[in-house]
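Trainee: I would like a close look at a single part of this protein. Please take me through one strand and what lies around it.

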Amino acid sequence: MFYRYIKRIGVVAITIALTAALVGVKDMPAVATSSVDNTEEGVVSETAEQAEEVHNVEIPDQFTEAGVAEVLDNACDVSKIAPSDIENVDFWGYTNLGIAKVDNHLNVRKEPNESGKLVGKMSNNTACEILKIMPDGKWAQIKSGEVEGYACLDYLLTGVDAFKQAKSIVSPMAVSNTNGLNVRQEPNVESEIITQVATGEALEVSAVLDDGWVEVYLDDEAVYVSSEFVEIEESLGTAITMTELLYGEGVSDVRVDLCQYAKQFIGNPYVWGGTSLTKGADCSGFVLSVFKKYGVTLPHYSGSQAKCGTAVSMSEIKAGDLVFYGKGKTINHVAIYIGNGQVVHASNKREGIKISNVNYRTPLCARSILVD
């Protein structure tokens, strides 16, 4: 893939995954790294060249016949995109793209009917590959992330409509390619390390700087990572498996019920200072409102919530416990543990309320609030 990056206040240009051959085009300017930031090696090095913030990619002649060049030319004006332009062309990893358009969740079922067993759920604006349209024209066989099954076409955008919607929501992500990626307050190796990110975790890109650093969003805060240890790619959200909605063994009914209640708001908006589970909440506002339903009063600040309840080790946390994250040792984010190594939390404006791995960033501590 090749990408064009502009700061968040500008227009983010569309990125197309062309074909394996296009990815192999040589002589594209490489992102040079003036400093390297790696937890395991602690290496600092210098290079002679600096990266350019914007890469202009020339499309080889052999791709014009496939319609890719025309799509790129017209990408800034989606009204010019025709169905023939996107047919059998790979966009963001999809050749027959579908986008969920729902108020809450789109159920993915094992069979193409409303009685079929649930195998996953797609939040609004998540993507899937449409494998086949069923003869009745009401259901589509789809694959979204690890979920494969059937979804109702009434709630799926397809064709040009799906392309237009995807283009409006897709964002470049920086994916960690090393375990223990340092996340820093400023773009230099002398800056404070806020936290560390595990291999495979993705952070939304704000800007690719010209000195070997990438400005990213860690939940709702702008921070920096070394470009040496991330792969930048554009991606769309995918479905949640039913396994991701389980709670773990030996969990009390109230904990199960609380987790179930919290997860029904996945996909709802993030609003700084908010406490509404439907109209928008920040991380501590989300936790506050979820626990309020169960008769627990919590303050509206993650640092204060970390003083509530009793301390519990990360190896002993149960579904319904709170996990806290921070900048250095200062707590600035909170999530609800839901079992199976996952948390649900109000993350940021782009992703809203979502499920993440509990170690998507380094936890600082955990607290048990509920009395079993």
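Mentor: Take strand β20. Eight of its ten residues are buried, so the rest of the structure largely encloses this strand. Keep in mind that the model is predicted. The strand covers residues 330–339.

Start with the sheet. β20 belongs to an open sheet of six strands, in the order β18-β23-β19-β20-β21-β22, with antiparallel pairing. Now look at the edges. β18 (310–312) and β22 (352–357) each have a single partner strand, so one side of each lacks a neighbour in the sheet. The sheet is also twisted in the sense that neighbouring strands are turned by 40° against each other on average, direction ignored. What holds such strands side by side? Strands of a sheet pair through backbone hydrogen bonds, either parallel or antiparallel.

Next, the two neighbours of β20. On one side, β19 pairs with β20 in the antiparallel sense over six bridges. Find G326, which stands opposite I331 in β20. β19 and β20 form a hairpin with two residues between the strands, and G328 takes a positive phi near 65° there.

On the other side, three bridges join β20 to β21 (residues 342–348), and these two strands run antiparallel. Here Y337 stands opposite V343 in β21. β20 and β21 form a hairpin as well, with two residues between them. In that turn, N340 has a positive phi of about 55°.

Now add the helices. Helix α5 (residues 253–263) lies across β20, β21, β22 and β23 (365–368). Its direction runs at about 110° to β20. Helix α6 (residues 283–292) packs on the sheet too, where it touches β19 (322–327), β20, β21 and β22. The direction of α6 makes about 45° with that of β20.

How enclosed is α6? Nine of its ten residues are buried, so the rest of the structure largely encloses this helix. F286, V287, V290 and F291 are among those buried residues. In α5, the buried residues are R255, L258, C259, Y261, A262 and K263. What covers them includes β2 (105–109), α6, β20, β21, β22 and β23.

Q260 also sits in helix α5. Buried would need under 20% relative accessible area. Q260 has 44% relative accessibility, so it counts as partly exposed. Its C-alpha is 9.9 Å from that of G320, although the two are 60 residues apart in sequence.

Strands and helices meet in the largest nonpolar core. In soluble globular proteins, nonpolar side chains tend to be buried together. This core has 32 residues, and F286, V287, V290, F291, L322, I336 and V344 touch the most other members. α5, α6, β19, β20, β21 and β22 each give two or more residues to the core. The largest share, five residues, comes from α6.

Follow F286 to see the links. Leaving out residues up to four places away in sequence, F286 touches A262, F265, L277, A281, I336, V344, H345, A346 and I353. Trace those contacts on the model, beginning with I336.

Move on to the largest pocket. Its volume is about 1,400 Å³. It is lined by 45 residues, and G237, T238, E351, K354 and I355 lie nearest its centre. Which strand gives the largest share of the lining? That is β22, with six residues. β21 supplies at least two lining residues, as do β8 (171–176), β11 (202–208), β12 (213–218), β14 (230–235), β15 (240–241) and β22.

Finally, step back to the whole protein. There are seven helices and 23 strands. Of the 372 residues, 50% are buried. Among contacts with a separation of 6 or more, 60% are between residues 24 or more positions apart.

Note on methods:
Residues numbered from 1 in each chain as written. Predicted model: local features only at pLDDT ≥ 70, side-chain atom pairs only at ≥ 80, totals over all residues. Heavy atoms only, no water. Pairing = 2+ DSSP bridges. Helix = DSSP H or I, 4+ residues; strand = E, 2+ residues; numbered from the N terminus. Axes fitted to C-alpha atoms, helices over the stretch in contact; angles between N-to-C directions. Contact = heavy atoms within 4.5 Å. Core = buried A, V, L, I, M, F, W, Y, C linked by side-chain atoms within 4.5 Å. Buried < 20%, exposed > 50% of the residue type's maximum accessible area, 1.4 Å probe, protein only. 1 Å grid on protein atoms, 1.4 Å probe; cavity = no way out; pocket = protein on both sides within 12 Å on 5 of 7 lines; lining within 4 Å. Points joined across faces, edges and corners; volume = space filled by probe spheres on them.
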